[in-house]
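Okay, thanks for coming, everyone. I'll put the structure up and then walk through a few spots in it.

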Amino acid sequence: MKILVAVKRVIDYNVQIRVKADNSGIETDNVKMSMNPPDENAVEEAIKLKTSGVVSEVVVVSIGLEKSQDTIRSAMAMGADRGILVKTDQMLDPLAVAKTLKAIVEKENPDMVLLGKQAIDYDCNQTGQMLSALLDWPQGCFVSRLGVKDQTITISREIDEGLEELEIQLPAVVTCDLRLNEPRFASLPNIMKAKKKPLDIISIDNLSVDTNSRVKYIKVEEPPVRKGGAMVADAKELIQKLKYEAKVI
Amino acid sequence: MSENQNIQREEMPYDVVIVGAGPSGLSTAIKLKQLNPDTTVCIIEKAAEVGGHILSGNVFETKALDELLPNWKDLGAPIKTKVTSEEFLFLNKKNGFSVPTWLLPKTLQNHGNYIISLANLCRWLGEIAESLGVEIFPGFAASKIVYDNNQNVIGIQTGDMGVDKEGNPKDTFEPGIILKGKVTVFAEGCRGHLGKELIKKFELDKNSNPQQYGIGFKEIWEIDPSLHSEGKVLHSVGWPLDAKTYGGSFCYHAENNQIFIGYVIGLDYKNPYLSPYDEFQKFKTHPKINTLLKGGKRISYGARALIEGGLQSLPQMHMPGALLVGCDAGTLNMPKIKGSHTAMKSGMIAAETIQSHLYDQKNLSLYEQLFKKSWVYKELYAARNVKPSFRWGLIPALIFTGIDQLLFQGKLPFTLKHKHADHETLKLAKDSNKIKYPKYDGIITFDKPSSVYLTGTNHAENQIVHLQLKDPSLPIKYTLEKYDEPAVSYCPAGVYDIQINNETKQSEFIINSQNCIHCKTCDIKEPSQNINWITPEGGGGPNYANM
């Protein structure tokens, strides 16, 4: 069995995001970037399946700038076998990402595509679902447990009522929740080995995918600064304030 | 705490292992590869990426870089903003007086220098080093020194990853490995925790004065473009510090309407109630400064200890199998307020020494000879009397410095000594005045939590506390009683706190180690030297972007 894992290079979750002075976007100059956290769970799960013998090959794909190679190398240092970078300078909408991934799926013919449930930069939470629709494959989203048996997978996903257990036929698209596992640390020797693993770089232009943006970004702004609270002496004063100052009751 | 003694550790051999990807370590690596591309070199860096733990003013003198990479301009070095004007201010509470530039000692004149982000310079040097074949491993901390049976240094061990707070391996446990080097270079920066061990073990400082330190703060502000003048350098002494406390401010107008504003205070201060953080916040409210910041926005904050002892405190920098470079030894030039060029040069000299050691069987003590012949030594020699003179107070020291630096250019026929280590200088709380600092306004001045938030510092949960107490009872029994626990004041990140336990009604010493920004001040200033800073899990600590 072969698994394709999609990973995204995003601003590290510890970094305090800053809006550019001209409101055109988010400041990324010299900002620490790393693998989107749920994507790390996807990589971890794929490697676990490989270690258990169910999966024979784990291929990692990323779409983005030349620098996204670093993210692919991190996945390979964790244990993925090889990498593909679809190079583009363009900022892609989830639909364009899904279409690009579909083109890669058609080339690679994996049995399963694993993705993070969403990327922490734009929180779109669309790519996996769109990819499933484009491929006409079943989808399992926000997966917190994954079991594989022959051509079927069983998954658990958190829903409002509790845990939903599903059985899905492969090939399928699966998006991973942070609860799925705890990603491993890459050891130094494995980081060294990862440098020698194969990494193909393809230009997005060679995939003949429509990447035109359907979304126009007008302006990025910081949320308004929170105003400080005030102490009230008693409930009566509180009601007065809510009624006449805040005018909410 | 269980020690994972029985683990089989992988070993990776190199010709040279360098600890720390700062200016000195990276310069060592680049120079080594220039001298012989076949020398295998690796650098291990505790920050999650190169530059992530670098914090510096910084007005950069290109002297060392000119020698290392003469074509740095063509190579795209992030060194763009030339110093265009400068001002030196004496501040009193309400006002400030400029000192004419011609009266400033040469060491304080910055013509020809550049305003840079040292973190970004290191990122760039890292790329250069990698292009020459140096292997850089960010996100890994060098936690231990490895010795052979004859007590020669033969490398370092990286920290174990995935260990819980009791010291037991978690599911994600990944044992550290041993990086073996024919020579190991320690380039950890000021108060490196391995450097500290080496200095003690090999008695490298037996002929030196006690080392002197300072704590430096830096904030980056985006200010009103009409108030910004790119290339302007401003320094001040005086208010808010009293004449007996050593320190001063910097304010550099960098690119993109940003200013780098900061404050440095000598850690030989005496009043346990002094809060370096609050002195810095207070400084920003001075009429000469707050007009600049009004309408601006603070975008970064950080703090780091720096080394100020100079030549008198410089330890021997070589030992069997290893060298100390940069501020792990203490090559900063205090009167110049610059350490990057001297750190880089010390690394380049180390590389020349290692080249001769590896291929011509020269002893590593060659380092000392080459160092003494270099311009770094001359600079540090000329600068040696400035910092110690400040124990006489600000005005006498400035007069002395004027005579020493302007008239004699550092050639006076005597050397003043540093008499005390910084942890020995605190007066007892009962003999000290409590200091009341103004409230933070949230516009110009900020509380510690919101400042720490900007550093992006993070340590994985459930790991060994990396601020270790040699005697856990001392903070309450001794430091609190005698000094009213100065850690609460000197820590720039709010790591330490005293809380009253609700049940026992006893005071408890709290260590919020996840807040730590790796400045090392506690390791230096704690009066009984009870706090030992060790490396947390690799990748932890601040995530500085353009510091």
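So, in which sense do strand β8 and strand β9 of chain A pair, and over how many bridges? They pair in the antiparallel sense, over eight bridges, with β8(A) covering residues 152-159 and β9(A) covering residues 162-169. Before I go on, please remember that this is a predicted model. Back to that pair: the link from β8(A) to β9(A) is a hairpin of two residues. If you want a register to look for, find A:Ile153, which sits opposite A:Ile168 in β9(A).

Staying in chain A, let's look at some helix packing. In general, you describe two packed helices by the angle between their axes and the distance between those axes. Here the two are helix α3, residues 94-108, and helix α4, residues 127-135, both of chain A, and they pack at an angle of about 50° with axes 8 Å apart. Because of that angle, α3(A) counts as oblique to α4(A). The crossing of α3(A) past α4(A) is right-handed. On the α3(A) side, the residues making the contact include A:Leu95, A:Ala98, A:Leu101 and A:Val105, and on the α4(A) side they include A:Met130, A:Leu131 and A:Leu134. Going by class, that contact between α3(A) and α4(A) has ten nonpolar residues, one polar and two charged.

One residue in there deserves a closer look, and that's A:Gly128, which is in helix α4 of chain A. Is A:Gly128 buried or exposed? A:Gly128 is buried, because 28 other C-beta atoms lie within 10 Å, and the cut-off for buried is 20 or more. What does A:Gly128 touch, leaving aside its neighbours within four places in sequence? Its contacts are A:Leu115, A:Gln139, A:Cys141, A:Val173 and A:Thr175. There's also A:Val174, which is 46 residues from A:Gly128 in sequence but 7.2 Å away in space, C-alpha to C-alpha.

Now for a contrast, take helix α6 of chain A, residues 235-245. Of its eleven residues, the number buried is zero, so α6(A) lies largely in the open. Just after α6(A) you hit A:Lys247, with a positive phi of about 55°.

Over to chain B, where there are two sheets I'd like to show. The first is an open sheet of three strands in the order β3-β7-β4, with antiparallel pairing. Its edge strands are β3 (59-60) and β4 (81-82) of chain B, each pairing on one side only. Between β3(B) and β7(B), residues 114-115, there are two bridges, and B:Val59 has B:Ile115 in β7(B) as its bridge partner.

The other one is an open sheet of seven strands with mixed pairing, in the order β6-β5-β15-β16-β17-β14-β18. The edges there are β6 (96-99) and β18 (297-307) of chain B. Neighbouring strands of this sheet are turned by 20° against each other on average, direction ignored. At the β6(B) end, four bridges join it to β5(B) in an antiparallel run, with B:Phe90 opposite B:Phe97. Helix α5 of chain B, residues 276-283, lies across β14, β16 and β17 of chain B, at about 135° to β17(B).

Last stop, the interface. How many residues of chain B are in contact with chain A? It's 25, against 16 residues of chain A. On the chain B side, the largest share comes from β12(B), with three residues. By class, that side divides into ten nonpolar, nine polar and six charged.

Methods. Residues are numbered from 1 along each chain as its sequence is written. Chains are lettered from A and ligands numbered from 1 in the order in which they are written. This is a predicted model: local features need pLDDT of at least 70, side-chain atom pairs count only at pLDDT 80 or more; totals for chains, interfaces and linings use all residues. Axes are lines fitted to C-alpha atoms, for helices over the stretch in contact, and angles run from 0 to 180 degrees between N-to-C directions. Angles under 35 degrees count as roughly parallel, over 145 as roughly antiparallel, 65 to 115 as roughly perpendicular and the rest as oblique. A crossing is left-handed if the near helix is turned anticlockwise from the far one by less than a right angle, and right-handed if clockwise. Two residues are in contact if their C-beta atoms, placed from the backbone, lie within 7 Å. Ala, Val, Leu, Ile, Met, Phe, Trp, Tyr, Cys and Pro count as nonpolar, Asp, Glu, Lys and Arg as charged, and the others, Gly among them, as polar. Two strands pair if DSSP finds at least two bridges between them. A residue is buried if 20 or more other C-beta atoms lie within 10 Å of its own, exposed if 12 or fewer, and partly exposed in between; C-beta atoms are placed from the backbone.
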